[in-house]
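Reader: I should like to examine this model through a short series of questions. Please show the sequence and structure before we begin.

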Amino acid sequence: MKNLNKEVTEYFAKYDNKFERLEEIRKMIHTSIPSVDEKLWWKVPCFYTEEKNIVIRVFQNHINLITDNVLEYKEQLHDYKITTKGMLQIFDEQELPLDVI
């Protein structure tokens, strides 16, 4: 993985109980979109290209992924909660849907 941002790494490290999951998501993003850059934006990790933005928000019992294409995969993500604003909520006990996101 290239373009790893130190601030994003430090943000993930604050959540030791979720660190592995966050790093798996990060790796999947970099593998799927090799040209992606990352930074902390408004104090949360943001992965971006000219066309795409993915934001990760960490909560007590879940992780939110905010991306433009969550609603496109709604059928494949039927086991996950998708908010009315199109955010994918992945609860701690759920498998990461890496093949879809």
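Reader: Is Gln-94 buried or exposed?

Author: This is a predicted model, and the answer rests on its computed accessibility. Gln-94 lies in the segment after β6 (87-91). A residue counts as buried under 20% relative accessible area. The relative accessibility of Gln-94 is 16%, so Gln-94 is buried.

Reader: Which backbone nitrogen does the side chain of Gln-94 reach?

Author: Leaving aside neighbours within four places in sequence, Gln-94 is in contact with Arg-21, Asp-79, Tyr-80 and Gln-89. The polar contact in question involves a residue within that excluded range, and the distance is 2.8 Å. The backbone nitrogen belongs to Phe-91.

Reader: What is the relative accessible area of Glu-38?

Author: Glu-38 is found in strand β1. Leaving aside neighbours within four places in sequence, its contacts include Leu-4, Val-8, Cys-46, Phe-47 and Tyr-48. Glu-38 counts as buried because its relative accessible area is 5%.

Reader: With which side chains does the side chain of Glu-38 make polar contacts?

Author: One polar contact of the Glu-38 side chain has a distance of 2.4 Å, and its partner is the side chain of Arg-26. Another, at 2.8 Å, is made with the side chain of His-30. The partners are thus Arg-26 and His-30.

Reader: Why are the buried residues of α1 on the same side of the helix?

Author: Helix α1 spans residues 6-13, and its buried residues are Val-8, Tyr-11 and Phe-12. They lie on the same side of α1 because the arc they cover around the axis is only 95°.

Reader: Which elements are included in what covers the buried residues of α1?

Author: The residues to be covered are Val-8, Tyr-11 and Phe-12. The cover includes one helix and three strands, namely α2 (19-32), β1 (37-41), β2 (44-48) and β3 (53-58).

Reader: Which residue has a side-chain oxygen within 2.7 Å of the backbone nitrogen of Glu-7?

Author: The contact is found at the start of α1, a helix that covers residues 6-13. The side-chain oxygen belongs to Asn-5.

Reader: Which element gives the most to the lining of the largest pocket?

Author: The largest pocket has a volume of about 230 Å³. Of its 15 lining residues, the closest to the centre are Ile-54, Thr-67, Asn-69, Val-100 and Ile-101. Two or more lining residues come from each of α2 and β4 (62-67). The most, 3 residues, come from α2.

Reader: How many residues of that lining are nonpolar?

Author: The lining of the largest pocket includes 3 polar residues and 1 charged residue. The nonpolar residues number 11.

Terms used:
Residues numbered from 1 in each chain as written. Predicted model: local features only at pLDDT ≥ 70, side-chain atom pairs only at ≥ 80, totals over all residues. Heavy atoms only, no water. Buried < 20%, exposed > 50% of the residue type's maximum accessible area, 1.4 Å probe, protein only. Helix = DSSP H or I, 4+ residues; strand = E, 2+ residues; numbered from the N terminus. Arc of directions from axis to C-beta. Contact = heavy atoms within 4.5 Å. Polar contact = N/O pair within 3.5 Å; in protein donor to acceptor, adjacent residues only side chain to side chain. 1 Å grid on protein atoms, 1.4 Å probe; cavity = no way out; pocket = protein on both sides within 12 Å on 5 of 7 lines; lining within 4 Å. Points joined across faces, edges and corners; volume = space filled by probe spheres on them. Nonpolar A, V, L, I, M, F, W, Y, C, P; charged D, E, K, R; others polar.
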